[in-house]
Amino acid sequence: MADCTVVVPTTLAETLAVLAQAGEDAVPVAGGVWVTLTLRSGLVRPRVLLSLRRLAELGDVALEHDGSLRLGALLTHRAVERSPLVRAHWPVLAETLADVANVRVREQATLVGNLCEADPASDPPAVLAALGATVELASWRGQRVMPVAEFIRGAYETARDPDELVTSIRIPPLPAGAGTAYCKFRTRSHEDRPAVGVAAVVALDSAGRVTHLEVVVGAAGDRPQRVPEALAAVPGAEFDDELVTALADAYAGAVETVSDLRASAWYRREMVRVFVARALRLAAHRAGWCVGEGPRV
Ligand SMILES: Cc1cc2nc3c(=O)[nH]c(=O)nc-3n(C[C@H](O)[C@H](O)[C@H](O)COP(=O)(O)OP(=O)(O)OC[C@H]3O[C@@H](n4cnc5c(N)ncnc54)[C@H](O)[C@@H]3O)c2cc1C
């Protein structure tokens with residue numbers, strides 16, 4: 001840390017200029033929860049610590065004209081969890097964040113910091129991927145937008161170039177009548193990170209047929225995973241226990257799982273089966289499906 005400079009810009013342009021010049025030698029700091037741990041353990045030795053805290057322009061929640069939500073990169077978990085807009089239109093995100101770590105961490109840590117950290121044992125990436133969210137990146141070269149599912153490349157690895165800053169997350173409106181759910185499986189303490197986390201979005205027509213269905217599994221492997229082959233045949237199918245079992249089996253058979261302190265790869269696979277079914281049933285219930293009876297009319 002002896003040769004490290006702390007820079008505290010007040011505008012985005014100033015921030016991007018520092019990143020353009022320092023590149024990999026600069027580490028952006030949002031809430032600092034992860035950065036502090038990696039500095040202390042010597043995992044990173046930056047020449048520049050680039051504090052983002054005074055970039056007021058990255059601190060807003062905004063509803064766009066097309067009904068999508070824009071979340072500025074400096075919003076903490078707690079700010080997003082408590083946002084009336086998020087609670088009203090994307091309640092699964094508020095629920096997910098209310099169950100991350102503890103309130104002290106959530107008051108400090110940002111949602112974008114969580115994505116950029118790309119720790120596989122995280123909750124928000126699976127939910128944001130299931131909601132079809134994108135991240136906006138800015139650099140002196142311009143801007144680009146990419147799906148969250150592509151942004152996270154693997155364990156602790158993202159598609160961000162060293163001179164880029166993530167400026168916001170954008171979440172499109174949910175399909176009409178959609179129900180959403182995130183089911184988190186922990187193996188150690190109540191505050192632990194997930195061993196498996198499954199996000200589901202389900203929308204049904206009045207006859208109980210699927211008009212939209214998405215399932216993303218987080219924390220089982222090195223990145224959020226979906227199984228396109230299993231999802232391809234679902235639109236138009238009747239939502240029932242048979243469909244739930246078929247999807248749960250397909251996901252358990254196809255997702256990659258790892259062994260670590262939280263669970264073995266085998267146990268994770270079995271929990272993927274259980275939690276895919278659980279998340280699908282809860283999302284469908286919230287979309288108006290009554291267990292054993294089909295849709296409520
Ligand atoms: C005790 C504890 C329990 C936890 N439990 C959970 C849990 O249950 N579930 C879960 O999902 N997470 C959990 N976490 C992780 C926590 O959510 C993340 O560490 C936190 O969100 C990181 O956010 P931050 O703002 O502090 O990021 P920082 O530490 O500031 O940054 C993290 C990384 O992102 C980069 N970065 C930050 N902002 C930007 C930006 N705008 N553009 C480009 N790069 C950027 C930084 O350079 C750094 O590499 C836990 C953490 C702790 C300490």
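Which residues does A200 touch, not counting residues up to four places away in sequence? Keep that one in mind. I'll answer it when we reach the core.

First, a caution. This is a predicted model. Everything I say comes from that model.

Let's start with the whole chain. The protein chain holds twelve helices and 15 strands. Its radius of gyration is 20 Å, and the globule rule gives 19 Å for 297 residues, so the chain is as compact as a globular protein of that length. Along the principal axes, the C-alpha atoms fill a box of roughly 65 × 45 × 35 Å. How much of the chain is buried? Of the 297 residues, 43% are. Now take contacts between residues at least 6 apart in sequence. In 66% of them, the partners are at least 24 apart.

Next, the domains. The chain is divided into domain 1, residues 5-171, and domain 2, residues 179-290. Their C-alpha centres lie 25 Å apart. Where they meet, 22 residues of domain 1 are in contact with 23 residues of domain 2. Look at the domain 1 side of that meeting. The elements giving two or more residues there are α5 (91-98), α8 and β8 (152-154). Helix α8 has the largest share, five residues. By type, this side divides into 14 nonpolar, four polar and four charged residues.

Now the core. The largest nonpolar core has 88 residues. The ones with the most contacts inside it are V198, A200, V202, V276 and A279. Which helix gives the most to this core? That is α12, residues 265-286, with ten residues. And where does the core sit? Both domain 1 (5-171) and domain 2 (179-290) give residues to it, so it lies between them.

Back to my opening question. A200 touches A130, T180, A181, E214, V215, A279, L280 and A283, leaving out residues up to four places away in sequence. Find A279 in that list. A279 was also named among the core residues with the most contacts.

On to the ligand. There are 28 residues around it. Which come nearest? They are G31, V33, W34, G113 and C116. Four elements give two or more residues to this shell: β2 (26-29), α2 (33-40), α7 (111-117) and β10 (165-171). The largest share is from α7, with five residues. What kinds of residue make up the shell? It divides into 18 nonpolar, six polar and four charged.

Stay with α2 for a moment. Its buried residues are V33, W34 and V35. V33 and W34 were among the residues that come nearest the ligand. The buried residues of α2 pack against β2, α6 (103-108) and α7. After α2 comes G42, with a positive phi near 80 degrees.

That brings us to backbone angles. Most residues other than glycine have a negative phi. Two alanines here are worth a look. A118 is not a glycine, yet its phi is positive, about 55 degrees. You'll find A118 in the loop between α7 and α8 (124-130). Is A118 buried or exposed? It has 21 C-beta neighbours inside 10 Å, so it counts as buried. The cut-off for buried is 20 or more.

The second alanine is A219. Its phi is positive too, about 70 degrees, and it is not a glycine either. A219 is in the loop between β13 (210-218) and α10 (228-232). Because A219 has 31 other C-beta atoms within 10 Å, it is buried.

One last residue: V86. Its place is in helix α4, residues 84-89. V86 counts as buried because it has 22 C-beta neighbours inside 10 Å. What is V86 in contact with, leaving aside neighbours within four places in sequence? The partners are L69, V80, L93 and A94. Now compare V86 with A219. They are 133 residues apart in sequence. In space, C-alpha to C-alpha, they are 23 Å apart.

To wrap up, three things to find on the screen. Find the core lying between the two domains. Find α7, which gives five residues to the shell around the ligand. And find A118 and its positive phi. That's all from me.

Key:
Residues are numbered from 1 along each chain as its sequence is written. This is a predicted model: local features need pLDDT of at least 70, side-chain atom pairs count only at pLDDT 80 or more; totals for chains, interfaces and linings use all residues. A residue is near a molecule or strand if its C-beta atom, placed from the backbone, lies within 6 Å of it. Ala, Val, Leu, Ile, Met, Phe, Trp, Tyr, Cys and Pro count as nonpolar, Asp, Glu, Lys and Arg as charged, and the others, Gly among them, as polar. The radius of gyration is taken over C-alpha atoms; the globule rule is 2.2 Å times the number of residues to the power 0.38. A residue is buried if 20 or more other C-beta atoms lie within 10 Å of its own, exposed if 12 or fewer, and partly exposed in between; C-beta atoms are placed from the backbone. Two residues are in contact if their C-beta atoms, placed from the backbone, lie within 7 Å. Domain bounds come from an automatic or database domain assignment. A nonpolar core is a set of buried Ala, Val, Leu, Ile, Met, Phe, Trp, Tyr and Cys residues joined through C-beta atoms within 7 Å.
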